[in-house]
Amino acid sequence: MSGISERQALKIGVLISGGGSNLQAIIDAIRTDNLNIEIVKVISSRPDAYGLVRAQEAGIDTCSLNKELYANPALANELIASEFVRAEAEYIVMAGYMRKLGTEVLDVFPDRVINLHPALLPSFKGAHGIEDAFNAGVKLTGITIHFANAEYDKGPIIAQRAVAIEENDTLEMLTEKIHALEHELYPQVLRLLSEGKIAIDETRKVRIDG
């Protein structure tokens, strides 16, 4: 034996709202690409989200919320925080989660909540980043992975990847290109995170080792 112990898998909780394709990309990378991540719990904002099925088929513990619970956002966020603490999650990964996280979660997981946004922040913030970029007629958009904070879509940026909007692209074609890139980049960022290569410096900018 080399005497060097392997790094323990990084424990993450994942938040979803819909189909869970990014969740599936992470699950696949764990299974087939030696991504040293353990998904300890998946929480959905909707009980009918197909991402819950993906998680259950992978043997991952799940929890679902509903619109009645979100009538009290603070209560919903407190439940999310407590569930992930109970599951011993080290980071929270937002994968198509369509609700705003409050301080009830962010204060429990400071600089440990990661979000994926389908545009090149700070451009086209909000829930319709792909459609807004397409309708604006820009020639370049993309995806951003960043640490979440109390300001919507404004935390320290970890990684970005650009996508060209071609003349013959439809909104559906652009959406497919964005999602394909998300499925590639999110596991790459999580790999760096699991290897301890991502940090926020004193200027609140992300530094990546290697």
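This section describes helix α3, the packing of helices α1 and α2, and backbone features of three loops in a predicted model.

Helix α3 spans residues 73–86 and comprises 14 residues. The distance from its first C-alpha to its last is 20 Å, close to the 20 Å expected at 1.5 Å a residue. The buried residues of this helix are A76, N77, I80, A81, E83 and F84. These residues cover an arc of only 165 degrees around the axis, and they therefore lie on the same side of α3. The spacing of such positions can be read against helical periodicity: an α-helix has 3.6 residues a turn, so residues three or four places apart point the same way. The elements that cover the buried residues of α3 include the strands β1 (10–16), β2 (37–44), β3 (62–64) and β4 (91–94), together with helix α4 (103–106).

The chain leaves α3 with a backbone feature at E88, just after the helix. E88 adopts a positive phi of about 65 degrees although it is not a glycine. This residue belongs to the loop between α3 and β4. With a relative accessible area of 52%, E88 is classed as exposed, the threshold for that class being over 50%.

A second positive phi in a residue other than glycine occurs at N34, where the angle is near 55 degrees. N34 is located in the loop between α1 and β2. The relative accessible area of N34 is 69%, and the residue is exposed.

Helix α1, which precedes the loop containing N34, packs against helix α2. The former covers residues 21–32 and the latter residues 50–57. Their axes are 9 Å apart and form an angle of about 15 degrees. Since angles under 35 degrees count as roughly parallel, α1 and α2 are therefore roughly parallel to each other. The crossing of the two helices is left-handed. On the α1 side, the contact is made by S21, L23, Q24, I27 and R31. The α2 side contributes G51, R54, A55 and E57.

A further backbone feature concerns a proline. The peptide bond from L121 to P122 is cis, its omega being near 10 degrees. P122 is situated in the loop between β5 (113–117) and α5 (129–136).

Technical notes: Residues numbered from 1 in each chain as written. Predicted model: local features only at pLDDT ≥ 70, side-chain atom pairs only at ≥ 80, totals over all residues. Heavy atoms only, no water. Helix = DSSP H or I, 4+ residues; strand = E, 2+ residues; numbered from the N terminus. Expected span 1.5 Å × (residues − 1). Buried < 20%, exposed > 50% of the residue type's maximum accessible area, 1.4 Å probe, protein only. Arc of directions from axis to C-beta. Contact = heavy atoms within 4.5 Å. Axes fitted to C-alpha atoms, helices over the stretch in contact; angles between N-to-C directions. Parallel < 35°, antiparallel > 145°, perpendicular 65-115°, else oblique. Left-handed = near helix turned anticlockwise from the far one by under 90°.
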